[in-house]
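The exercises below are meant to be worked through with the sequence and the structure side by side. Try each task before reading its solution.

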Amino acid sequence: MAKKKNARANDEVSGDVNLSPMIDCCFLLLIFFVVNATQITVAKDPSVKIPSAVSCTDLKDAKGCIVINVYADPDKMDDKARAKFNKTFGGRADVIWSLADANGKTTGYSVNQQSELVTAITKMKDLYKNSKGEDGKPVKVRAYFRGDQNTPWERTQGAIEAAVKAGIADHVFGTRAAN
């Protein structure tokens, strides 16, 4: 009897599944997708310029606008603009942003002075905080960025970052065609 039990046990087929072929297929699929997947890259074309406005309108309601001027390199300015720039900033070539305070005094800021620009924008924003418009409603505080078409985008981006750090999310852009 014991002999029959052992014979039956040996005749039964094992229920284990061999996973080696499935693992091989998974690795082959993984290698296939890794090889065929392309990394998305954005090529920068230096000939692409920031678009300029074809037509413009005057800013209807300038109340509450904090005007931030963004400058191009002085050597890319026309003679008239360069003379005015040099007169305003005393020949400082490192100035890329300027902001006029409530008294009309224009202060220039360099790349290393972005935190000072944030502080100045915050002070201007606080001046408008309790202001009321002609209709009695609170004034909407906006950052108004002005520049010419030769201004590098990085400089405008730095000014936008400063305005956002100062808590201003509403932005208006103005541009002037280079002569």
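Helices and strands are here DSSP runs, of at least four residues for a helix and at least two for a strand, and they are numbered from the N terminus. With this in mind, Gln114 can be placed in helix α4. The model is a predicted one.

**Exercise 1. Find the salt bridges of the structure, and state for each where its two partners lie.**

Solution. Step one is the search itself, which, when run over the whole structure, gives three salt bridges.

Step two takes the pair Asp73 and Arg155, whose closest N and O atoms are 2.6 Å apart. This salt bridge links distant parts of the chain, since Asp73 sits in the loop between β1 (65–70) and α3 (79–89) while Arg155 belongs to helix α5 (residues 153–165), 82 residues apart.

Step three takes the pair Asp79 and Arg82, with 3.1 Å between the closest N and O atoms. Both residues are in helix α3, and because they are three residues apart there, about one helical turn separates them.

Step four takes the pair Asp170 and Lys140, where the closest N and O atoms are 3.2 Å apart. Here too distant parts of the chain are linked: Asp170 is in the loop between α5 and β5 (171–176), and Lys140 is in the loop between α4 (114–129) and β4 (142–148), 30 residues apart.

**Exercise 2. Decide for each salt-bridge partner whether it is buried, partly exposed or exposed, using relative accessible area.**

Solution. The step of reasoning needs two cut-offs: a residue is buried under 20%, exposed over 50%, and partly exposed in between.

- Asp73 has 26% relative accessibility, so it counts as partly exposed.
- Arg155, its partner, has a relative accessible area of 16% and is therefore buried.
- Asp79 has a relative accessible area of 59%, which makes this residue exposed.
- Arg82 stands at 25% and is partly exposed.
- Asp170 also falls into the partly exposed class, at 25% relative accessibility.
- Lys140 has a relative accessible area of 57% and is exposed.

**Exercise 3. Describe the largest nonpolar core, and say which helix or strand gives the most to this core.**

Solution. The core has 21 residues, and the members that touch the most other members are Ile66, Ile68, Trp97, Leu99, Leu117, Ile121 and Phe145. The next step is to ask where the members come from: β1, β2 (97–100), α4, β4 and α5 each supply at least two residues. Of these elements, α4 gives the most, with five residues.

To see how one member is packed, take Leu117 and leave aside its neighbours within four places in sequence; its contacts are then Trp97, Leu99, Tyr109 and Ala162. Apart from this core there is another, of five residues, which include Met77, Phe85, Phe89 and Val95.

**Exercise 4. Trace the surroundings of Gln114 and of Lys165, leaving aside neighbours within four places in sequence.**

Solution. Begin with Gln114, which, at 17% relative accessibility, is buried. The side chain of Gln114 reaches the backbone oxygen of Gly158 at 2.7 Å. Its contacts, with the sequence neighbours set aside, are Trp97, Gly158, Glu161, Ala162 and Lys165.

Continue with Lys165, whose place is in helix α5. In contrast to the buried Gln114, Lys165 is exposed, with a relative accessible area of 58%. With the sequence neighbours again left aside, Lys165 is in contact with Gln114 and Val118. As a last step, compare the separation of Lys165 and Ile121 in sequence, 44 residues, with their distance in space, 9.2 Å from C-alpha to C-alpha.

**Exercise 5. Locate the nonpolar patch on the surface that includes Ile23, and then place Lys76 relative to Thr151.**

Solution. The patch is formed by Val17, Leu19, Met22, Ile23, Phe27, Leu30 and Val34, which together have about 720 Å² of accessible area. One of these residues, Ile23, lies in helix α2 (residues 20–36), and with a relative accessible area of 42% Ile23 is partly exposed.

Turning to Lys76, the residue is found in the loop between β1 and α3, and its relative accessibility of 48% makes it partly exposed. Lys76 and Thr151 are 75 residues apart in sequence, yet their C-alpha atoms are 8.7 Å apart in space.

Terms used:
Residues numbered from 1 in each chain as written. Predicted model: local features only at pLDDT ≥ 70, side-chain atom pairs only at ≥ 80, totals over all residues. Heavy atoms only, no water. Salt bridge = Lys/Arg side-chain N within 4 Å of Asp/Glu carboxyl O. Buried < 20%, exposed > 50% of the residue type's maximum accessible area, 1.4 Å probe, protein only. Core = buried A, V, L, I, M, F, W, Y, C linked by side-chain atoms within 4.5 Å. Contact = heavy atoms within 4.5 Å. Patch = residues over 30% accessible without salt bridge, like charges linked within 9 Å, V, L, I, M, F, W, Y side chains within 5 Å. Areas by Shrake-Rupley, 256 points an atom, 1.4 Å probe, with all protein chains shown as cover. Polar contact = N/O pair within 3.5 Å; in protein donor to acceptor, adjacent residues only side chain to side chain.
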